[in-house]
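Please open the model in your viewer and keep the selection tool at hand. The tour moves from one pair of residues to the sheet around it, and then to a second chain.

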Amino acid sequence: MAVLQFREAIRAAMTEEMERDERIFLMGEEVAEYNGAYKVSEGMLAKFGPKRVIDTPISENGFAGLGVGAAMNGLRPIIEFMTFNFSFVAIDQIVNNAAKIRYMSGGQYKIPIVFRGPNGAAGQLAATHNTSTESIYATLPGIKVISPSNPDDAKGLLKSAIRDENPVIFLESESMYAMKGEVSDEEDYLIPIGKARIAREGDDVTIVAHGKSYWIALRVADRLAAESFNAEVIDPRTIRPLDIDTIVESIKKTNRCVIIDESTPFASISSEITYQIQERAFDWLDAPIVRITAKDTPTPYARNLMEHYMPGEDDAYEACRRVMYAD
Amino acid sequence: MANETRKSHAKGAAASTNGGAPKKRTTSSKEKIILDASSDSFPESIEVAVKFETYPVDRYGHEELGLSGETVEWMYRNMLLQRRFEERAAQMYGKQKIGGFLHLYVGQEAVSVGAAAAINVGEDSVITAYRDHGLGLALGMSADECMAELFGKVGGCSKGKGGSMHFFSKKRRLFGGHGIVGAHVPIGVGIAFAHKYKEDGGICLTFFGDGAVGQGAIHEASNLASLYELPVILIIENNQYAMGTSIERAFAETQFTHQAVGYDMPAALVDGMDPFSVCKAIQDHGKMAREGKPSLLEIRTYRYRGHSMSDPQKYRTKEELESKKNDDPILRMKAYMLERDMIDDAKFEAIDAEVKQEVLDAVAFADGSPEPALEDIYDDIYEESDYPYLF
């Protein structure tokens, strides 16, 4: 096992896949000569040259659409959004074109494309630069959405995403890029899309958390363990398709569920998971499902408000105790 | 102090094998202006001198375009097929055989036929907006599969999943049929990007309407096409009305060729009521595209019918419409062929009868084709057939 930063794991996935398949190219703002706004693509221009690692002007709608067209015409683009906040000026290309053209063409044209970049909150960047987009893109049939929480998953899932024949939204995080973790040395390390990971086993409460929230879940589980409660932590890893079976199996064991999700709460991933749990495991629940999310507000700038806005570890910890009737 | 003069056509157009890499602008005057902002060489004024080629009607004969007599007959026949197809579609819409929106191409046939005659169908690519029936037929899609798509039947080109606005044919390299105004133009540029990347010699004709010129996607796509020197022709099919809004009411600059200046791209104005003019323009600009020089064409045309079936057309006068109908591309082509004794009246009548029958057969085919099975609703969304849909 090599220890890699999250950004290095992503770079390794792209590099290995680009070595494998000449149809793959990387395009986005500052990906080439600047070596990536967050240094994810560092060295890739030197390695692959300007034909395959391509800087763009600030034209997300244009180059996202270019990627869709290139994919329809036989290439396998990786389109980097400097952050997914900027994907909103390209959202028409994702919603109407990437997601729907296969269907509207009766299956004639497939669109193997990865849109990747950091998602969600990244510090005091105020309201426009902190959006969690997973629930927006996960509403779209035709799209897959992946949100890895650690370098190993990032590598294995990105390689799978690049090989997938469907459009994939791959959500990273500015604040996780420097995170280090062990990454498999396996020659062709692929993690299947749509499989959750049980990160920690337990039988007292199930905590479901993806992306950055996963790390809150682990800390909460540690605190509960100190009080002799065993939390089971599930990282869905893929948002769409969602591995609800793994979550339901866990709840049949723990009879309780807390969901941590840094999206705003209305019509979010936590709403969807909650609905699916009640549909499949209503009789197994011993307490209402509780979710800990961002506040139902735009993201504030002020440090104290920003901290208050984000889903908090203390809130999640207390929620777990509450559903276990531990107080 | 020097005046900066830029000529849109002046830049070298050597083909690049550099994939999508931005071209090097070693002689860019823009760059110079920025670098010398505080120096003595800062220009006193900037003069932009641009010449736009034009392609008027009745200027080109088929021989000089390299078109055979057979092709000319095909062009006539296909324009007629498009018109009869659209007229029959309107009738079928009235009978509620066709649902949703129906945007007819009547009047604009010369554009699609001229374009198809100018490219290598099946090797070059084409993408267009929602008024797509004519281009589909011009590229050789059958009236059967087109009519069945309008009827929402499995025999349709998109198996009844796309409808009028979403004709696709992988075989003919028609990349759609797109319903969101302007949104497919970046896709067209991406198709061209892939042609260049694969070095397969193909080009992409990217059609859009005058209404799309107001969309930001066109700006981004045009810049990317020129920056990356992609083999694409951006083609404004200017039928002069975006739904009910005339170009004068929508655009501060109605000479759309002028748009090209901002992208350092050549442009030309084409009279779209003569298929030979269209063909010549696309031949010329197709050659440039194959050499890595994208361009913009404004093809002026006219739709005889409303924007869609529900359009009362209060935004234009009957006189305007009638005067345009006197400039009909099918009548022009017929006169051209008669003048040159390429065809006689009996042959015209035979073609008319054949085309009429072909469209009637298409209606019968569409009527007889089954509706999609309900379980087909889950087909063609993802590659894999076992995707866990929610029920």
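Begin by selecting A:Glu80 and A:Arg116 in this predicted model. A:Arg116 belongs to strand 5 of chain A, and A:Glu80 stands opposite this residue.

Next, widen the selection to the two strands concerned, strand 4 (residues 76–80) and strand 5 of chain A. These strands run parallel and are joined by three bridges.

Now keep A:Arg116 selected and add strand 7 of chain A. Which residue of strand 7 stands opposite A:Arg116? The residue to select is A:Phe170. Move on to A:Gly117, whose bridge partner in strand 7 of chain A is A:Leu171. Strand 7 covers residues 168–172, and five bridges connect strand 5 of chain A with strand 7, again in a parallel arrangement.

With strand 5 of chain A (residues 114–118) still in view, consider its surroundings. Is this strand mostly covered or mostly uncovered? Strand 5 is mostly covered, as five of its five residues are buried. As a general point for viewing side chains here, those of a regular strand alternate between the two faces of the sheet.

Select the whole sheet next. Seven strands of chain A make up an open sheet with mixed pairing, and their order is 3-2-4-5-7-6-12. At the edges are strand 3 (53–55) and strand 12 (238–240) of chain A; each has a single partner strand, so one side of each is left without a neighbour in the sheet. From one strand to the next, the twist averages 20°.

Then add helix 3 of chain A, residues 60–72. This helix lies across strand 2 (24–28), strand 4 and strand 5 of chain A, and its direction is at about 165° to strand 4 of chain A.

Finally, hide chain A and display chain B. Colouring by secondary structure should bring out twelve helices and ten strands in chain B. Along the principal axes, the C-alpha atoms of chain B fill a box of roughly 75 × 65 × 45 Å. The radius of gyration of chain B is 22 Å, which agrees with the value near 21 Å for a compact globule with 391 residues. Of the 391 residues in chain B, 50% count as buried. Among contacts in chain B with a separation of 6 or more, 77% are between residues 24 or more positions apart.

How values were computed:
Residues numbered from 1 in each chain as written. Chains lettered and ligands numbered in written order. Predicted model: local features only at pLDDT ≥ 70, side-chain atom pairs only at ≥ 80, totals over all residues. Buried ≥ 20, exposed ≤ 12 C-beta atoms within 10 Å, placed from the backbone. Helix = DSSP H or I, 4+ residues; strand = E, 2+ residues; numbered from the N terminus. Pairing = 2+ DSSP bridges. Axes fitted to C-alpha atoms, helices over the stretch in contact; angles between N-to-C directions. Contact = placed C-beta atoms within 7 Å. Rg over C-alpha atoms; globule rule 2.2 N^0.38 Å.
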